[in-house]
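Let's take a walk through this one, from a few charged side chains out to the whole fold. Have the structure open as you read.

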Amino acid sequence: MSEHTLPSSEGLLRVIRRRDLVALGVNTIIGSGIFGLPAEVFRRTGVWSLVAFVVCAVVVSIMVICFAEVSSRFSGTGGPYLYARAAFGPLVGFEVGWLLWIARLTAFAASCNLFVSYLAYFWPGATGSAGRVVTICAIVVFLTALNLTGIRNSTTASNIFTVAKLVPLTIFIIAGLFFLRPGSYQPGPLPSLDAFSVSVLLLVFAFSGFELATIAGGEARNPQRDLPPALLIAIGVVVTVYILIQVVAIGTLPAADLATSSRPLADAARGFLGPAGGAIISGGALVSIGGNLLVIVLVAPRLLFAMAERGELPRWFSTVHPRTRTPNPAILVTSFVLLVLTLTGTFVYAATISVIARLLAYTTTCVALPVLRRKPDAPEALFRIPLGWLFAGLALLLSIWLLLHTTWSQARDAAIAILIGSVIYAFRTRPAAGAAP
């Protein structure tokens, strides 16, 4: 083994390079959302949707900047779970890890079913009862098997997916810029504040996912130095691509068609590239969603591993395979739950909490920035941002603004998930009978 493949203190292999972290960040952010949200946001705000994209980019970038400093203090597995635990204690850390794990399970279930829908463009039988089951099982089994072979193979596959998903989107942008209709950008009436806020809220989750790169910090070669630039580069790439996609969508599709389209990018590409354009974007959607699913199967088990390492879940979840150095029990359990949720469709109810779960994880990390700066025993930050308290304060205010526009049912379901997490935490950390307090 080289010095970069020696096991970490957690028993995992440190093989993820900076460019791998960039690819993980881009791969997890660019998923299924960007293939549908341009139409939904345009329906709510019209041409002002471009402003919504910019505002959302600013909101998420502020959060990423906070993540960049906080991540530079840690070299272990867990990301936001680890940061919240260090800043606010084990209970808050566990709740963040628990909610992120659930959010990723439901995101996988929703995206995998969407994958089946896009696959029907090429294979109509995919949406039939048998075709759907076979497709979903094949996806979960393949990604699980790949993950079990080792972190190096999984990150290599992530790099390939990242390049492959950017190619059709780049073709869409470059080709589409030659077919823009300037009159399409005439701004209409200002949208209501509520419509604009909900649009930004929707877009936050097209821009989210960057935190998954931090969860795999225990397998990065030099996470404290590599994560900050990797996060900033990843969000820079995504912001550029997303805004240009919306520019092309507005400029090439008639307003009425864009507002009602269920596949706006495919419809736009079909308009200026013909049938081949629709096929390119539909294929790109499959690659994009597939890459997103790969990273979820890679990273979600690491949350269970990190919590088990600290005794907050059964130690069995922290068992590492002696040869591949992968947390196989955590991988297998996560994959089994993913398969059940995706096949049964029960994710429709559970997925509502993912909205709040991500915002809570982001907020705790941003607020952890000034808290860790004041803690004398906190690990040293290798990357510090000027006026860090200001960025943290802005992130908190923006998160509160967005949370105020979630629905009652989302808040209720998130509260139920938090309560379940509290029960699990209390059960796992209760003193043994007869033990001294």
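Is Glu40 buried, partly exposed or exposed? Glu40 is partly exposed, with a relative accessible area of 25%. Keep in mind that this is a predicted model.

## Glu40 and its partners

Glu40 pairs up with Arg44 in a salt bridge, with the closest N and O atoms 3.0 Å apart. The two sit four residues apart in helix H2 (residues 37-45), so about one helical turn separates them. Arg44 comes out as partly exposed too, at 32% relative accessibility. Add Arg43 and you get a network of salt bridges linking Glu40, Arg43 and Arg44.

## Other salt bridges

The count comes to ten salt bridges. One of them joins the side chains of Arg85 and Glu312, at 2.9 Å from N to O. This pair ties together distant parts of the chain: Arg85 is in helix H4 (residues 80-88), while Glu312 is in the loop between helix H13 (275-309) and helix H14 (328-344), 227 residues apart. Glu312 is buried, at a relative accessible area of 1%, whereas Arg85 is partly exposed at 26%.

Asp20 and Arg17 also meet through their side chains in a salt bridge (2.9 Å, N to O). Here Asp20 is buried, with a relative accessible area of 0%, and Arg17 is partly exposed at 25%.

## A lysine without a salt bridge

Now look at Lys165 in helix H7 (residues 151-176). Lys165 is buried but has no salt bridge. Why not? A salt bridge needs the nitrogen and the carboxyl oxygen within 4 Å, and the nearest side chain of opposite charge, Glu211, is 13 Å away.

What Lys165 does have is polar company. Its side chain makes a polar contact of 2.6 Å with the side chain of Asn27, and a polar atom of the Lys165 side chain lies 3.1 Å from the backbone oxygen of Ser288. Residues touching Lys165 also include Ile30, Val287, Gly291 and Asn292.

## A buried serine

Ser399 lies in helix H17 (residues 388-403). At 1% relative accessibility, Ser399 counts as buried. Beyond its sequence neighbours up to four places away, Ser399 touches Met63, Leu359 and Thr363.

## The whole chain

Zooming out, the chain has 18 helices and zero strands. The radius of gyration is 21 Å, which agrees with the value near 22 Å for a compact globule of 437 residues. The C-alpha trace spans about 75 × 50 × 45 Å along its principal axes.

Buried residues make up 57% of the chain. About 17,100 Å² is exposed, with carbon and sulfur atoms supplying 70% of it.

Conventions. Residues are numbered from 1 along each chain as its sequence is written. This is a predicted model: local features need pLDDT of at least 70, side-chain atom pairs count only at pLDDT 80 or more; totals for chains, interfaces and linings use all residues. Side-chain values use heavy atoms; hydrogens and water are left out. Buried means under 20% relative accessible area, exposed over 50%, partly exposed in between (1.4 Å probe, protein chains only). Lys and Arg count as positive and Asp and Glu as negative; His and the chain ends are not counted. A polar contact is a pair of N or O atoms within 3.5 Å; within protein, one must be able to donate a hydrogen and the other to accept it, and residues adjacent in sequence count only if both atoms are side-chain atoms. Contact means heavy atoms within 4.5 Å. The radius of gyration is taken over C-alpha atoms; the globule rule is 2.2 Å times the number of residues to the power 0.38. Accessible areas come from the Shrake-Rupley method with a 1.4 Å probe; for residues, only the protein chains shown count as cover.
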